[in-house]
Amino acid sequence: MCTGFIESVTHQPPSDQPFFSAVVVDALGPGPHQAISAGGIRKPYDRLRVIWLGRTRVPGIEAGVQLRLNGMVTQLDGLPAMFNPRYEILSRQEHL
């Protein structure tokens, strides 16, 4: 189980096998792929790729959403990955 924010989503072209993918990070921060630690030092985000197989879209899953995920973790292309996790949306980023 983990909690994080959707950093980005990937949509597949209709000609490919259907799946919906998102990258989840532990915090949304100042620059791409970096957070600032308590000492003011930039550190890489902890990242997780989440993949829903057989789906072209998952309702409510978009950049900026905070969610809790539950599922088995594996490695995919050097990143931890979770396939078809259970999820709960915790908050949404408001657009002004």
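**A walk through an open sheet**

Let's start with the sheet: it is open, has 7 strands in the order E7-E8-E5-E2-E1-E6-E9, and its pairing is mixed. At the edges stand strand E7 (73-76) and strand E9 (86-91); each has a single partner strand, so one side of each is left without a neighbour in the sheet. Go from one strand of this sheet to its neighbour and you find them turned against each other by 40° on average, direction ignored. Keep in mind that what you are looking at is a predicted model.

Now step back to the whole chain for a moment. It has 9 strands and 0 helices, so to speak a plain run of β-β-β-β-β-β-β-β-β when you read along the sequence. There are 96 residues in the chain, and buried ones make up 27% of them. The accessible surface comes to about 6200 Å², and carbon and sulfur atoms own 53% of that. As for how the chain meets itself, take the contacts with a separation of 6 or more: 54% of them are between residues 24 or more positions apart.

Back into the sheet, with strand E1 as the place to stand. As a reminder, strands of a sheet pair through backbone hydrogen bonds, either parallel or antiparallel. Strand E1 (residues 2-11) and strand E2 (residues 19-25) run antiparallel and are joined by 6 bridges. If you want to check the register by eye, look for Ser8 of this pairing opposite Val23 in E2, and for Thr10 opposite Ser21 in E2. E1 also pairs with strand E6 (residues 66-70), again antiparallel, through 4 bridges. There, Thr3 stands opposite Arg68 in E6.

Ser21 deserves a longer look. This residue is found in strand E2, and at 2% relative accessibility Ser21 counts as buried, because the cut-off is 20%. What does the side chain of Ser21 make a polar contact with? The partner is the side chain of Arg49, at 3.1 Å. Leaving aside neighbours within four places in sequence, Ser21 is in contact with Ser8, Val9 and Thr10, and also with Arg49, Val50 and Ile51. Thr10, you will recall, is the residue opposite Ser21 in the E1 and E2 pairing.

Right beside Ser21 in the sequence is Phe20, and that takes us to the aromatic residues. A search of the whole structure finds 2 aromatic pairs. Phe20 and Trp52 form a tilted pair, with 6.1 Å centre to centre and 45° between the planes. Phe20 lies in strand E2 and Trp52 in strand E5 (residues 47-53), so this pair ties together parts that are 32 residues apart in sequence. Are these two rings' residues buried or exposed? Phe20 is buried, with a relative accessible area of 1%, and Trp52 counts as buried too, at 4% relative accessibility.

Trp52 also pairs with Tyr87, and here the arrangement is edge-to-face: 5.7 Å centre to centre, with 80° between the planes. Trp52 lies in strand E5 and Tyr87 in strand E9, so this pair ties together parts that are 35 residues apart in sequence. Tyr87 is partly exposed, with a relative accessible area of 33%. Put the pairs together and you get one aromatic cluster of Phe20, Trp52 and Tyr87.

Stay on E9 for the last stop, Ile89, which is found in that strand. Ile89 is partly exposed, with a relative accessible area of 28%. What is Ile89 in contact with, leaving aside its neighbours within four places in sequence? The list is Pro59, Gly60, Val65, Gln66 and Leu67. Of these, Val65 is 24 residues apart from Ile89 along the chain, and the C-alpha atoms of the two are separated by 7.1 Å. E9, remember, is one of the edge strands, with a single partner strand.

Note on methods: Residues numbered from 1 in each chain as written. Predicted model: local features only at pLDDT ≥ 70, side-chain atom pairs only at ≥ 80, totals over all residues. Heavy atoms only, no water. Pairing = 2+ DSSP bridges. Helix = DSSP H or I, 4+ residues; strand = E, 2+ residues; numbered from the N terminus. Axes fitted to C-alpha atoms, helices over the stretch in contact; angles between N-to-C directions. Phe/Tyr/Trp six-rings, centres within 6.5 Å; stacked < 30°, edge-to-face > 60°. Buried < 20%, exposed > 50% of the residue type's maximum accessible area, 1.4 Å probe, protein only. Polar contact = N/O pair within 3.5 Å; in protein donor to acceptor, adjacent residues only side chain to side chain. Contact = heavy atoms within 4.5 Å. Areas by Shrake-Rupley, 256 points an atom, 1.4 Å probe, with all protein chains shown as cover.
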